[in-house]
Amino acid sequence: QVQLVESGGGLVQAGGSLRLSCAASGGTFTNYAMGWFKQTPGKEREFVAVISYSGGSTIYANPVKGRFTISRDNAKNTVYLQMNTLKPEDTAVYYCAAATWFGDLRELKTYNAMDYWGKGTMVTVSV
């Protein structure tokens, strides 16, 4: 079973940047596709981005395309989310997730497709 710990959240002004990190332990990192989801109060956890086990494929939610980049370093067992040109509507708790998955990444765009979750890191974007 893999454990996930997010870091890098914080307060940033609109237009700024943050890089989230998610360190994985307790499993074979390359067995997992990795994703980022976000959640705001009263709303369901929402897909942001996902990356394949090798790092060769990625998918993004439409609102973040061109602004966010997901990447992974398999030597460091870490996945990243580089967030640029942040907007107030990006404010949320961001969760890292892992899925034992080698198929079509589009199947991982819903939260219930993921197997393991971190505890989240808060991102607040001020106007």
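**Notebook: rings, strands and core**

I looked up Phe37 first and found that Phe37 is buried, as is Phe47. Buried here means under 20% relative accessible area, exposed is over 50%, and partly exposed lies in between, with a 1.4 Å probe and protein chains only.

I note that this is a predicted model, with local features needing pLDDT of at least 70, side-chain atom pairs counted only at pLDDT 80 or more, and totals for chains, interfaces and linings using all residues. Residues are numbered from 1 along each chain as its sequence is written, and side-chain values use heavy atoms, with hydrogens and water left out.

**Aromatic pairs**

How many aromatic pairs does the structure hold? I get 5. Rings of Phe, Tyr and Trp (its six-membered ring) pair if their centres lie within 6.5 Å; planes under 30 degrees apart are stacked, over 60 edge-to-face, and the rest tilted.

I checked Phe37 and Phe47: the ring centres are 5.8 Å apart and the planes stand at 75 degrees, so this pair is edge-to-face. It links distant parts of the chain, with Phe37 in strand S4 (residues 33-39) and Phe47 in strand S5 (residues 46-51), 10 residues apart. Strands (E, at least two residues) are DSSP runs, numbered from the N terminus.

Next I took Tyr95 and Trp117. Their ring centres are 6.4 Å apart and their planes at 85 degrees, so I log this pair as edge-to-face too. Tyr95 lies in strand S9 (residues 92-99) and Trp117 in strand S10 (residues 116-117), 22 residues apart. Tyr95 counts as buried because its relative accessibility is 13%. Trp117, at 27%, counts as partly exposed.

I see Phe37, Phe47, Tyr95 and Trp117 linked by ring pairs into a cluster.

**Arg45**

Arg45 lies over the face of Tyr95, 3.6 Å from the ring centre. The charged end of Arg45 also sits over the ring of Trp117, 4.8 Å from its centre. The test I used: NZ of Lys or CZ of Arg within 6 Å of the ring centre and within 35 degrees of the ring normal.

**Sheet and hairpin**

I traced an open sheet of 4 strands in the order S1-S3-S8-S7, with antiparallel pairing. Strand S1 (3-7) and S7 are the edge strands, each pairing on one side only. Two strands pair if DSSP finds at least two bridges between them. S1 and S3 share 5 bridges in the antiparallel sense. Glu6 has Cys22 in S3 as its bridge partner.

At the other edge, 6 bridges join S7 (residues 68-73) to S8 (residues 78-83), again antiparallel. Arg72 stands opposite Val79 in S8. S7 and S8 form a hairpin with 4 residues between them, and Asn77 in the turn has a positive phi of about 55 degrees.

Which S7 side chains are buried? Phe68, Ile70 and Arg72 are, and they point to one face. Thr69, Ser71 and Asp73 point to the other and are not buried.

**Core**

I then looked up the largest nonpolar core (buried Ala, Val, Leu, Ile, Met, Phe, Trp, Tyr and Cys joined through side-chain atoms within 4.5 Å). It has 39 residues; Met34, Trp36, Val79, Leu81, Met83 and Tyr94 touch the most other members. S9 gives the most, with 6 residues.

I finished on Met83. Contact means heavy atoms within 4.5 Å. Leaving out residues up to four places away in sequence, Met83 touches Gly16, Ser17, Leu18, Leu20, Arg67, Phe68, Tyr94 and Val123.
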